[in-house]
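Here is a walk through one protein chain, from its overall make-up down to a few side-chain pairs. Have the model open and follow along.

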Amino acid sequence: MHLNQIGIFQGGKTPSNNELCLQGRIPYFKVSDMNVPGNEMFMIVVSNYLKETSKYRLFPTNSIIYPKNGGAVFTNKKRILTVPSLIDLNSGAFIPSKEINYLYAYFLFLNLDLNKFYKGSAVPTVDHDAINELIFGLPPIAEQNRIVATITELFSILDKISLNLV
């Protein structure tokens, strides 16, 4: 299947400064927030919130976000939203459909090297048309769940090993 058959790509929006505040219930994530400790997989730590949401369509929980414009594209970061949020203009999101486990989609994205899918030289931009040409296998949801459980268990083992080595 092509990615656009199992989810949709959308770009972020950047609100004006007077639409932001330091506390609230709707997080606004910038590309730089992907580097904040605590945001290694799930976007949890945030600096800014929206004052109101009527003007913006929020990205749903479990959307996979990534840098889509500028030099940050080359960092190849991917993160998961934990609550409905707004992301900045330099970020993109893949919103998985109901037929795919969002963690399965995330693990697929971890293997997708965005450095191979950009256009432009002065300001690189992720080329979504090229990404949509890729074909991925999509097992039944029960098998996706088993794969996710296995990968999660293996990452947990790796984390324990790395704690003992450091």
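The protein chain has 3 helices and 11 strands. Keep in mind that this is a predicted model. Going along the sequence, the elements come in the pattern β-β-β-β-β-β-β-β-β-α-β-β-α-α.

**Overall dimensions**

The C-alpha trace spans about 45 × 40 × 35 Å along its principal axes. The radius of gyration is 17 Å, and a compact globule with 166 residues would come out near 15 Å, so the chain agrees with that expectation. Of the 166 residues, 40% are buried. Among contacts with a separation of 6 or more, 72% are between residues 24 or more positions apart. As for the surface, the chain exposes about 9,300 Å², and carbon and sulfur atoms supply 56% of that.

**The five-stranded sheet**

Let's start with the open sheet of 5 strands, which runs in the order β1-β9-β6-β7-β4 with mixed pairing. Its edges are β1 (7–11) and β4 (42–43), each of which pairs on one side only.

β9 is a good strand to look at in this sheet. It covers residues 91–96 and pairs with β1 in the antiparallel sense over 5 bridges. Within that pairing, F9 has F94 as its bridge partner. β9 also pairs with β6, again in the antiparallel sense, this time over 4 bridges. On that side, I65 stands opposite A93.

How many of the residues of β9 are buried? The count is 6 of 6, so by the under-20% cut-off the strand is mostly covered. In a regular strand, side chains alternate between the two faces of the sheet. In β9, S91, A93 and I95 point one way, while G92, F94 and P96 point the other way, and all of them are buried.

Which helix lies across this sheet? That would be α1 (residues 102–110), which lies across β1, β4, β6 (64–67), β7 (79–81) and β9. Against β6, the helix runs at about 25 degrees.

**The four-stranded sheet**

There is also an open sheet of 4 strands, with the order β2-β5-β3-β8 and mixed pairing. β2 and β8 (86–87) are at the edges with a single partner strand each, so one side of each has no neighbour in the sheet. β2 and β5 pair in the antiparallel sense over 2 bridges. If you want a spot to zoom in on there, C21 stands opposite Y49 in β5.

**Charged pairs**

Side chains of opposite charge can pair when their charged atoms come close. This chain has 2 salt bridges, listed here:

| Salt bridge | N to O distance |
|---|---|
| K55 and E19 | 3.3 Å |
| E143 and R146 | 2.7 Å |

What does the salt bridge of K55 and E19 tie together? K55 lies in the loop between β5 (48–50) and β6, and E19 in the loop between β1 and β2 (20–21), so the pair ties together parts that are 36 residues apart in sequence. Are these two residues buried or exposed? K55 counts as exposed, because its relative accessibility is 58%. E19, on the other hand, is buried, with a relative accessible area of 13%.

The E143 and R146 pair sits within one element. Both residues belong to helix α3 (residues 141–165), and because they are 3 residues apart they are separated by about one helical turn. E143 counts as partly exposed, at 30% relative accessibility.

**Two asparagines with positive phi**

Two more residues deserve a look for their backbone. N62 has a phi near 75 degrees, a positive value in a residue other than glycine. N62 lies in the loop between β5 and β6, and at 24% relative accessibility it counts as partly exposed.

N76 also has a positive phi, about 60 degrees, although it is not a glycine. Where is N76? N76 lies in the loop between β6 and β7, and it is partly exposed, with a relative accessible area of 22%.

Conventions
Residues are numbered from 1 along each chain as its sequence is written. This is a predicted model: local features need pLDDT of at least 70, side-chain atom pairs count only at pLDDT 80 or more; totals for chains, interfaces and linings use all residues. Side-chain values use heavy atoms; hydrogens and water are left out. Two strands pair if DSSP finds at least two bridges between them. Contact means heavy atoms within 4.5 Å. Axes are lines fitted to C-alpha atoms, for helices over the stretch in contact, and angles run from 0 to 180 degrees between N-to-C directions. A salt bridge is a side-chain nitrogen of Lys or Arg within 4 Å of a carboxyl oxygen of Asp or Glu. Buried means under 20% relative accessible area, exposed over 50%, partly exposed in between (1.4 Å probe, protein chains only). The radius of gyration is taken over C-alpha atoms; the globule rule is 2.2 Å times the number of residues to the power 0.38. Accessible areas come from the Shrake-Rupley method with a 1.4 Å probe; for residues, only the protein chains shown count as cover.
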